[in-house]
Amino acid sequence: MDITERLNELADYIEQHLIDEIDYRELAHLMGCSEYHLSRMFPFITGQGLAHYIRRRRMSQAALDLHKDSDLLQIAIRYGYSSVDSLSRAFREIHGTSPAAVLKEGAVVRSFPKLSFSVTIKGAEAMQYRIVSKEAFRIIGISKTVPIVFSGPNEEIDAMWRTLTPELISSLKALSDTEPSGFISASVNFSEGRMEEKGTLDHYIGVASTHLPDPNHLSVLEVKEGTWAIFEAVGNFPENLQNIWGRIYSEWFPVSAYELREGPEILWNEGPDTTKPDFRSEIWIPVIAKRS
């Protein structure tokens, strides 16, 4: 079964269980991957998080139900909410108005139809990548929770770089003893709304190391042993880099022999001058072989 058939099965399953508790393990089983991989790949394919899509479909159906049933508590219970207030919050997030306003004033609501997937030919532009296995290591440096920015510069991350003093840069370089060599960035703990540029991620700037430094003044991210898919991005920064990042999830993962595993997404840049038209970067993605 190809990726298109699997995605349509997933969409059908969601439709059949809109008024039930949806089993994410079953969704992952239908896709032949882990729940973690599904939660990360789905937004890049559809432009929205999986849980957000399910909320949209439920609230679209709830809006239709208002034309047949004015009992808001029953509608709330039908879609898994314990009270009219909790239903109203979810409804307002999707429609921009409340169920009560729809009933009393005929307020306008939005329709979010079921997703349907078809084959689209992509990948005319080659992607350069390699697969490596790597022992456990640490990312040592500075860290901060920053807002998600899907395109263009991230001002908070830029500000992090500006806090690096010559002394700190020197001490961190002395700790760099494993690939990816030199200064790197790493992002973990993405919020679900990544594709809508909502929520946050934890961002690290530092070096890959096998050392264990004094934790009082440096952040340390433990990275487990495993396999990495390493993609090369050459071109205008950050536009080309962000394009490659999206293509990894929307084009490469669906046809590859790998799926995402838990771990940080790591970025290595060739140097500080990002204005070069042929600026080179590497994106390190933690992967694991797909289950047969």
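Helix axes are lines fitted to C-alpha atoms, here over the stretch in contact, and the angle between two of them is taken between their N-to-C directions. With that in hand, a good place to start in this predicted model is a pair of helices. Helix α1, covering residues 3-16, and helix α4, covering residues 50-65, have axes that come within 11 Å of each other and cross at roughly 45°. That angle makes α1 oblique to α4, because it falls outside the ranges for roughly parallel (under 35 degrees), roughly perpendicular (65 to 115) and roughly antiparallel (over 145). As for its hand, the crossing of α1 past α4 is right-handed. On the α1 side, L10, I14 and E15 make the contact, and α4 answers with L50, Y53, I54 and R57. Sorted by type, the residues of this contact come out as five nonpolar and two charged, with no polar ones.

Helix α1 also turns up in the surroundings of L30. This leucine sits in helix α2, residues 24-31, and it counts as buried because its relative accessibility is 14%, with the cut-off for buried being under 20%. Not counting residues up to four places away in sequence, L30 touches R6, E9, L10 and Y13. Take R6: it is 24 residues from L30 along the chain, yet the two C-alpha atoms are separated by just 6.3 Å.

Next up is H203, a histidine in strand β4, which spans residues 200-209. With a relative accessibility of 5%, H203 counts as buried too. So what does H203 contact once its neighbours within four places in sequence are set aside? The list runs to I142, S143, K144, V146, I157, M160, S185, A186 and S187. A186 comes up again in a polar contact, since the H203 side chain reaches the backbone oxygen of A186 at 3.5 Å, and a pair of N or O atoms within 3.5 Å is what such a contact takes.

Finally, the loops hold a few backbone details. The peptide bond from E179 to P180 is cis, with omega near -5°, and P180 lies in the loop between α9 (166-175) and β3 (183-188). Another cis peptide bond joins F237 and P238, where omega is about 5°; P238 is in the loop between β6 (226-234) and α10 (239-255). Then there is N189, in the loop between β3 and β4. N189 is not a glycine, but its phi is positive, at about 60°. Is N189 buried or exposed? At 54% relative accessibility, N189 counts as exposed, because the cut-off for that label is over 50%.

Key:
Residues are numbered from 1 along each chain as its sequence is written. This is a predicted model: local features need pLDDT of at least 70, side-chain atom pairs count only at pLDDT 80 or more; totals for chains, interfaces and linings use all residues. Side-chain values use heavy atoms; hydrogens and water are left out. Helices (H or I, at least four residues) and strands (E, at least two) are DSSP runs, numbered from the N terminus. Buried means under 20% relative accessible area, exposed over 50%, partly exposed in between (1.4 Å probe, protein chains only). A polar contact is a pair of N or O atoms within 3.5 Å; within protein, one must be able to donate a hydrogen and the other to accept it, and residues adjacent in sequence count only if both atoms are side-chain atoms. Contact means heavy atoms within 4.5 Å. Axes are lines fitted to C-alpha atoms, for helices over the stretch in contact, and angles run from 0 to 180 degrees between N-to-C directions. A crossing is left-handed if the near helix is turned anticlockwise from the far one by less than a right angle, and right-handed if clockwise. Ala, Val, Leu, Ile, Met, Phe, Trp, Tyr, Cys and Pro count as nonpolar, Asp, Glu, Lys and Arg as charged, and the others, Gly among them, as polar.
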